[in-house]
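Here is a friendly walk through a protein model, meant to be read with the structure open beside you. Take a moment to turn the model around before reading on.

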Amino acid sequence: MSSPKSTQRTDDSHGPSGASQASQTQVPHSDSHNGHSHDGGHDHQGHDHHGHDHGHDHALGHHHGPNNKKGLLIAFIITAGIMLLEFAGGIVTNSLALLSDAGHMFSDAASLLLSLIAMWFAARPASPKRTYGFHRVEILTALFNAVTLFVIAGFIIREAIERFANPPVVASGSMMIIAAIGLLANLASAWFLTRMGDAKDNLNVRSAYLHVLGDALGSVGAIIAGLLMLIFQWYQADPIISVLVALLILRSAWGVLKATTHILLEGAPSRINCEEIKQSLLSISGVRDVHDLHAWTITSGLDSFSCHLLIEDPADSQHILQQAIRLMEERFNIQHTTIQVETEHLQHAELKV
């Protein structure tokens with residue numbers, strides 16, 4: 001193999017339109033792809049080869065709609081208020097279901113506050129030291145929220161086991177009234193998060209939404225337990241319902257935990273089929289091989305992609321490059337791309353990943 005002389009490459013750029021732009025860079029190929037590094041288009045001599053602004057302000061051009069913040073703030077205020085009501089009610093009525101729901105709501109209030117703080121961090125611009133900005137704070141917050149759900153569920157189950165043998169008498173009527181108020185508040189919080197925020201695709205908002213939904217389930221459980229105790233004086237219903245709610249909380253938490261861990265491990269987005277992308281790029285006339293292909297998620301709603309294209313010597317590299325960029329944008333909805341074009345005379349050592 002001959003030593004590499006130069007490469008043609010696109011550096012990901014997002015201005016207001018969010019579109020990637022191509023540029024031609026003369027750099028040694030040993031700089032190819034180590035940890036998705038973005039050098040801002042400077043070669044090793046410090047020359048700038050870009051004809052456009054690199055545009056990574058506001059963390060790669062990814063913006064959170066203001067509704068996410070507003071929805072979280074409203075949900076936080078509602079949750080904090082109902083938490084205090086259920087905690088006081090749980091002590092007065094001696095209900096584990098209410099106390100466990102109040103404990104869950106305390107975690108929810110904390111998670112909602114953390115989610116708001118994470119969004120504030122994510123809005124800060126990228127820097128030479130943190131080229132992706134602070135968007136990963138959102139993922140870390142979602143991970144923390146999932147872990148706290150596990151802890152809370154464990155606490156509820158432990159307390160329920162202790163109450164199975166000697167269930168205390170519970171003021172079921174008052175318990176049901178407080179739980180009903182809590183349920184209405186939780187449904188209102190969930191409505192604001194889904195109506196004003198992106199609880200489906202934004203992991204940060206989704207984890208907060210699952211906390212609120214878990215609270216709603218806890219309130220429903222408390223109402224059911226209160227009804228059983230009121231009619232049948234069956235006080236084991238309180239710990240039994242608490243355990244069922246805890247298991248539902250664990251199920252939701254596991255989904256968030258898997259998703260956040262997958263992102264932190266730089267896994268390919270679930271909506272992306274890397275083999276399909278490779279075959280699509282190979283279908284471009286003049287492309288002989290696609291290698292060093294990576295797809296990963298920076299934060300919810302912001303996926304990135306990079307690869308090397310080996311093309312035939314007579315082929316028009318810039319034309320192929322533009323086709324590849326357009327393909328990634330239009331077919332796979334990925335605008336943050338880094339594509340390096342090589343000819344058969346430009347080879348490199350085998351990469352580790």
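Where does Asp-292 lie? Asp-292 lies in strand 2, and we will come back to this residue below.

## Before you start

The model is predicted, so local features are reported at pLDDT of at least 70 and side-chain atom pairs only at pLDDT 80 or more, while totals for chains, interfaces and linings use all residues. Residues are numbered from 1 along each chain as its sequence is written, and side-chain values use heavy atoms, with hydrogens and water left out.

## The overall layout

The protein chain has nine helices and four strands. Here helices (H or I, at least four residues) and strands (E, at least two) are DSSP runs, numbered from the N terminus. Following the sequence, you will meet them in the pattern β-α-α-α-α-α-α-α-α-β-β-α-β.

Of the 353 residues in the protein chain, 49% are buried. Buried means under 20% relative accessible area, exposed means over 50%, and partly exposed is in between, using a 1.4 Å probe and protein chains only.

## Two helices side by side

Have a look at helix 4 (residues 136–165) and helix 7 (residues 237–264), which pack at an angle of about 160 degrees with their axes 8 Å apart. That angle makes helix 4 roughly antiparallel to helix 7. Axes are lines fitted to C-alpha atoms, for helices over the stretch in contact, and angles run from 0 to 180 degrees between N-to-C directions. Angles under 35 degrees count as roughly parallel, over 145 as roughly antiparallel, 65 to 115 as roughly perpendicular and the rest as oblique.

The crossing of helix 4 and helix 7 is left-handed, and their contact has 25 nonpolar, three polar and three charged residues. A crossing is left-handed if the near helix is turned anticlockwise from the far one by less than a right angle, and right-handed if clockwise. For the classes, Ala, Val, Leu, Ile, Met, Phe, Trp, Tyr, Cys and Pro count as nonpolar, Asp, Glu, Lys and Arg as charged, and the others, Gly among them, as polar.

Leu-140 lies in helix 4 and is partly exposed, with a relative accessible area of 47%. Leu-140 and Thr-260 are 120 residues apart in sequence, yet their C-alpha atoms are 7.5 Å apart in space.

## The largest nonpolar core

Which residues have the most contacts inside the largest nonpolar core? They are Leu-281, Phe-305, Leu-309 and Ile-339, in a core of 21 residues. At least two residues of this core come from each of helix 8 (274–282), strand 2 (287–299), strand 3 (302–311), helix 9 (317–330) and strand 4 (336–343). Helix 9 gives the most, with six residues. A nonpolar core is a set of buried Ala, Val, Leu, Ile, Met, Phe, Trp, Tyr and Cys residues joined through side-chain atoms within 4.5 Å. In soluble globular proteins, nonpolar side chains tend to be buried together.

Leu-310 lies in strand 3 and is buried, with a relative accessible area of 12%. The C-alpha atoms of Leu-310 and His-345 are 9.7 Å apart in space, with the two positions 35 residues apart in sequence numbering.

## One aromatic pair

A search of the whole structure finds one aromatic pair. The rings of Trp-191 and Phe-192 have their centres 5.1 Å apart and their planes at 80 degrees, so this pair is edge-to-face. Rings of Phe, Tyr and Trp (its six-membered ring) pair if their centres lie within 6.5 Å; planes under 30 degrees apart count as stacked, over 60 as edge-to-face and the rest as tilted. Both rings belong to partly exposed residues: Trp-191 has a relative accessible area of 46%, and Phe-192 has 22%.

## Positive phi angles

Now back to Asp-292, which has a positive phi of about 50 degrees although it is not a glycine. At 11% relative accessibility, Asp-292 counts as buried.

Glu-266 also has a positive phi, near 60 degrees. Glu-266 lies in the loop between helix 7 and helix 8 and is partly exposed, with a relative accessible area of 36%.
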